[in-house]
Amino acid sequence: MTEVTRVLALRQLVMIHDIVVVGLCWALAFFLRYDFQPPDTVPGLLLWSTPVAMVVFGATFRWARLYAGIWRYASVPDLVRIGKAVALGTIIMVAILFAAIRGGDMPRAVMIIHPLLLGVGLGIP
């Protein structure tokens with residue numbers, strides 16, 4: 001395996017990791033909001049909103065150039081890029097959820113819990 005293909009494979013693994021973390025943090029934010037006893041409407045909301053969140057945040061990660069340099073340790077500029085990507089993704093998700101369901105069934109606390117969880121989930125590993 002050449003150095004270029006090794007770097008590309010590593011970059012793809014990091015992208016997949018980040019997208020999976022988005023989905024896990026999205027679901028965890030709902031469960032934390034409802035103390036792990038969600039009402040009957042939450043599974044339906046999670047079923048369609050989780051893939052949307054994964055696509056939206058994946059696009060914002062590319063926009064913020066999170067994968068421009070893959071290093072062993074995250075630097076302060078990397079953490080700033082993570083913060084920008086998470087903030088933009090959250091704003092876009094709020095707009096999408098408002099357009100789709102007018103915020104009726106969407107717990108607003110999730111839009112505060114999720115970015116916090118995601119920032120930690122992306123910043124630590």
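## Briefing on a four-helix predicted chain

The chain carries 10 positive and 6 negative side chains, with the centres of the two sets 11 Å apart; Lys and Arg count as positive and Asp and Glu as negative, while His and the chain ends are left uncounted, and each charge is placed at NZ of Lys, CZ of Arg, CG of Asp or CD of Glu. This is a predicted model, in which local features need pLDDT of at least 70 and side-chain atom pairs count only at pLDDT 80 or more, whereas totals for chains, interfaces and linings use all residues. Residues are numbered from 1 along each chain as its sequence is written, and side-chain values use heavy atoms, with hydrogens and water left out.

**Overall architecture**

- The secondary structure comes to 4 helices and 0 strands, the elements running α-α-α-α from the N terminus on; helices (H or I, at least four residues) and strands (E, at least two) are DSSP runs, numbered from the N terminus.
- Taken along the principal axes, the box filled by the C-alpha atoms is roughly 50 × 25 × 25 Å.
- Of the contacts between residues at least 6 apart in sequence, 78% join residues at least 24 apart, a contact being heavy atoms within 4.5 Å.

**Surface and burial**

- Buried residues account for 32% of the 125 residues in the chain, where buried means under 20% relative accessible area, exposed over 50%, and partly exposed in between, with a 1.4 Å probe and protein chains only.
- The chain exposes about 7800 Å², of which carbon and sulfur atoms supply 69%; accessible areas come from the Shrake-Rupley method with a 1.4 Å probe, and for residues only the protein chains shown count as cover.
- I16, V20 and L24 make a nonpolar surface patch of about 290 Å²; patches consist of residues with over 30% relative accessible area and no salt bridge, like charges being joined within 9 Å and nonpolar side chains (Val, Leu, Ile, Met, Phe, Trp, Tyr) within 5 Å.
- Within that patch, L24 belongs to helix α1 (residues 3–33) and counts as exposed because its relative accessibility is 57%.

**The salt bridge in helix α3**

- A search of the whole structure finds 1 salt bridge, defined as a side-chain nitrogen of Lys or Arg within 4 Å of a carboxyl oxygen of Asp or Glu.
- D78 forms this bridge with R81, the closest N and O atoms being 2.2 Å apart, and both residues lie in helix α3 (residues 76–101), 3 residues apart, which is about one turn of the helix.
- D78 counts as buried at 13% relative accessibility, while R81 is partly exposed at 25%.
- V80 is also found in helix α3 and counts as partly exposed at 43% relative accessibility; V80 and E3 are 77 residues apart in sequence and 28 Å apart in space, C-alpha to C-alpha.

**A buried histidine in helix α4**

- H114 lies in helix α4 (residues 110–123) and is buried, its relative accessible area being 1%.
- With neighbours within four places in sequence set aside, H114 is in contact with V22, C25, W26, A29 and F57.

**Loop residues with positive phi**

- D35, a residue other than glycine, has a positive phi near 50°; D35 is found in the loop between α1 and α2 (42–63) and is exposed, with a relative accessible area of 61%.
- R65, likewise not a glycine, has a positive phi of about 60°; R65 is found in the loop between α2 and α3 and is exposed at 56% relative accessible area.
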